[in-house]
Amino acid sequence: MSDESASPATAGRSSTRAAGAPTPASESPATAESSLQQQDEQRAAAASRLKERIYITFTALVVVLTLASHADVTPQQAVTTLIVTVIGSVLAMFLAEILAHFVTHQRMFTASEARHAASTSVGATTAIALPILMLLGAWGGIWTLEIALRSSTVLLILWLVGIGFAAVRRLKLPAWQKLLVLVAEAALGLLVVGLELMAHH
């Protein structure tokens with residue numbers, strides 16, 4: 001029998017099956033919703049890491065500036081003060097994450113959520129790596145403590161700008177808005193420096 005002799009009913013059934021069959025590229029509403037939820041969770045995790053890194057960077061900046069205002073501070077005391085302050089801040093942030101999660105979700109962290117929160121908080125301490133090396137250099141007599149503290153101030157402000165650049169470089173924003181964010185971060189860092197100098201003079 002030729003193709004032209006196929007009955008209308010048979011052609012209709014074939015057409016219905018073709019129209020109703022999902023294409024490989026199609027996605028169910030549940031899958032699409034799950035994908036969007038996963039993207040939202042990834043953005044929230046990235047925002048949390050960004051927030052904690054900025055917080056630790058500003059904390060370290062304030063500590064360094066405060067140490068620079070005390071002429072009787074030794075390099076050993078400077079290293080200890082910076083490390084202890086940052087550790088205390090990390091523990092405080094981790095506790096805040098626990099309480100915020102409990103209030104929001106009405107339950108405690110799962111093991112994986114706890115590991116993620118801990119790694120996010122600990123990861124923020126990378127901000128003080130270079131200042132610690134500068135202070136250790138002063139401890140070892142390679143340069144003076146004044147040089148170490150001034151260099152640490154510059155490094156922390158640059159680190160703050162670097163954090164902002166890493167955060168905005170992939171965003172779908174005009175270049176001038178990205179630049180504005182970076183300038184604002186640098187300005188805030190310099191504002192902290194100015195306020196600390198005013199407070200100790």
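Reader: How do you know how far the predictor's confidence reaches along the protein chain, and what is the average pLDDT?

Author: This is a predicted model, and its protein chain averages a pLDDT of 78, with 75% of the residues scoring at least 70. Among the elements of the chain, helix α5 has the highest mean pLDDT, 94, whereas helix α1, residues 8-20, has the lowest, 47.

Reader: What makes residues 1-25 a stretch to read with care?

Author: Over residues 1-25 the pLDDT stays under 50, and for this stretch the model has zero contacts beyond four places in sequence. Where pLDDT is low, the predicted coordinates should not be read in detail.

Reader: Which elements make up the protein chain, and in what order do they run?

Author: The protein chain holds seven helices and zero strands, and from the N terminus on its elements run α-α-α-α-α-α-α. Of the contacts with a separation of 6 or more, 71% are accounted for by residues 24 or more positions apart.

Reader: Why are helices α5 and α6 called roughly parallel or roughly antiparallel to each other?

Author: The axes of α5, residues 129-139, and α6, residues 145-168, come within 8 Å and cross at roughly 170°. Angles over 145 degrees count as roughly antiparallel, and α5 and α6 are therefore roughly antiparallel to each other.

Reader: Which residues of α5 and α6 meet, and what is their character?

Author: From α5 come L130, P131, M134, L135 and A138, and these meet L145, A148, L149, S151, S152, L155 and L156 in α6. The residues of this contact divide into 10 nonpolar, two polar and no charged.

Reader: Why is A138 called buried or exposed, and what does A138 touch?

Author: A138, found in helix α5, has a relative accessibility of 9%, and because buried means under 20%, A138 counts as buried. Not counting residues up to four places away in sequence, A138 touches P75, W143, T144, L145 and A148. A138 and Q76 are 62 residues apart in sequence, while their C-alpha atoms are 8.9 Å apart in space.

Reader: How many residues are in the largest nonpolar core, and which helices supply it?

Author: The largest nonpolar core has 28 residues, and those with the most contacts inside it are I56, L61, L82, I128, L135 and L145. At least two residues of this core are supplied by each of α2 (29-68), α3 (75-105), α5, α6 and α7 (175-199), and α2 gives the most, with seven residues.

Reader: What does I56 touch?

Author: Leaving aside residues up to four places away in sequence, I56 touches V86, S89, V90, M93, A124, T125, A127 and I128.

Reader: How do you know whether M93 is buried or exposed, and which residues does M93 touch?

Author: M93 has its place in helix α3, and its relative accessible area of 11% is set against a cut-off of under 20%, so M93 is buried. Not counting residues up to four places away in sequence, M93 touches E52, Y55, I56, S121 and A124. The C-alpha atoms of M93 and V122, 29 residues apart along the chain, are separated by 9.8 Å.

Reader: Is T59 counted as buried or exposed, and what is T59 in contact with?

Author: T59 lies in helix α2, and because its relative accessibility of 15% falls under the 20% cut-off, T59 counts as buried. Apart from its neighbours within four places in sequence, T59 is in contact with T85 and S89. Across the protein chain, buried residues make up 27% of the 201 residues.

How values were computed:
Residues numbered from 1 in each chain as written. Predicted model: local features only at pLDDT ≥ 70, side-chain atom pairs only at ≥ 80, totals over all residues. Heavy atoms only, no water. Axes fitted to C-alpha atoms, helices over the stretch in contact; angles between N-to-C directions. Helix = DSSP H or I, 4+ residues; strand = E, 2+ residues; numbered from the N terminus. Parallel < 35°, antiparallel > 145°, perpendicular 65-115°, else oblique. Contact = heavy atoms within 4.5 Å. Nonpolar A, V, L, I, M, F, W, Y, C, P; charged D, E, K, R; others polar. Core = buried A, V, L, I, M, F, W, Y, C linked by side-chain atoms within 4.5 Å. Buried < 20%, exposed > 50% of the residue type's maximum accessible area, 1.4 Å probe, protein only. pLDDT = per-residue confidence, 0-100.
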